[in-house]
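Dear colleague,

Please find below the sequence and structure that I am passing on to you. My findings follow, in an order that you can check against the structure as you read.

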Amino acid sequence: MSTPHVVVVMGVAGTGKTTIGPLLAAELGVPYAEGDDFHPAANIAKMSAGTPLDDSDRWPWLDAIGQWAHGRAGLGGVVSSSALKRVYRDRLRAEAPGAVFLHLTGDRTLIEARMAERKGHFMPTALLDSQFATLQPLQEDEAGVSADVSGTPEEITQRAVAALRRLDN
């Protein structure tokens, strides 16, 4: 890519943001930041208890991710964030206007199976329905691309890189 983008890897829980994000960052030669690390402890406790976050829980988390992305403007970087609603992506863009989104998409059955295989993650599969209900896919006027999550992490990453390169053309 000509100018390094700050890429926000988005999607419902279980799509592989934490797996694909670092692979994408390595492929692009930029740093990766795990979006979950920006959550305050209260958010993690809520989700661990099976309680979905509300918007008042999300604003400080999104602002922190946006500040990281802003700091990487012109340098490039990859950060994960579910960014399920347009308003959340708008909030991230308010901090980092040049950010682009990579929406990891996939079949609900596949995503649920992958979530069930995860060990030690705070997001229970019980919250997957609320994630899909909340999801607002990228709109035409939003800078970003989608990549299907079927296949190996390496195949997904290559699809993502190819899609992101098309943004520059």
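**Two crossing helices**

Helix H1 (residues 17–28) and helix H7 (residues 153–167) have axes that come within 9 Å and cross at roughly 55°. Please note that this is a predicted model. Angles under 35 degrees would count as roughly parallel and 65 to 115 as roughly perpendicular, so a crossing at roughly 55° makes H1 and H7 oblique to each other. The crossing of these two helices is right-handed.

On the H1 side, the contact is formed by Thr19, Ile20, Leu23, Leu24 and Glu27. These residues meet Pro153, Ile156, Thr157, Gln158, Ala160, Val161 and Leu164 in H7. By kind, the residues of this contact comprise 8 nonpolar, 3 polar and 1 charged.

**Salt bridges around helix H4**

Side chains of opposite charge can pair when their charged atoms come close. In this model, the count comes to 12 salt bridges. A network of them links Arg86, Arg89, Asp90, Arg93, Asp141 and Glu142.

One pair in the network lies within a helix. Asp90 and Arg86 form a salt bridge with an N to O distance of 2.9 Å. Both belong to helix H4, where they stand 4 residues apart, about one turn of the helix. Asp90 is partly exposed, with a relative accessible area of 32%, and Arg86 is also partly exposed, at 24%.

Glu142 takes part in two further pairs. With Arg89, its closest N and O atoms are 2.7 Å apart. Arg89 lies in helix H4, whereas Glu142 lies in the loop between helix H6 (128–134) and strand S5 (144–148), so this salt bridge ties together parts that are 53 residues apart in sequence. Both Arg89 and Glu142 are buried.

The side chains of Glu142 and Arg93 also meet in a salt bridge, at 3.0 Å from N to O. Since Arg93 is in helix H4 and Glu142 in the loop between H6 and S5, this pair joins parts that are 49 residues apart in sequence. Arg93, like Glu142, is buried.

**A residue with positive phi**

Most residues other than glycine have a negative phi. What is the sign of phi at Ala83? The value is positive, near 45°, in a residue other than glycine. Ala83 is located in the loop between strand S3 (77–80) and helix H4 (86–95). Buried means under 20% relative accessible area, and Ala83 therefore counts as buried, at 1%.

With kind regards

Notes: Residues numbered from 1 in each chain as written. Predicted model: local features only at pLDDT ≥ 70, side-chain atom pairs only at ≥ 80, totals over all residues. Heavy atoms only, no water. Buried < 20%, exposed > 50% of the residue type's maximum accessible area, 1.4 Å probe, protein only. Salt bridge = Lys/Arg side-chain N within 4 Å of Asp/Glu carboxyl O. Axes fitted to C-alpha atoms, helices over the stretch in contact; angles between N-to-C directions. Parallel < 35°, antiparallel > 145°, perpendicular 65-115°, else oblique. Left-handed = near helix turned anticlockwise from the far one by under 90°. Contact = heavy atoms within 4.5 Å. Nonpolar A, V, L, I, M, F, W, Y, C, P; charged D, E, K, R; others polar.
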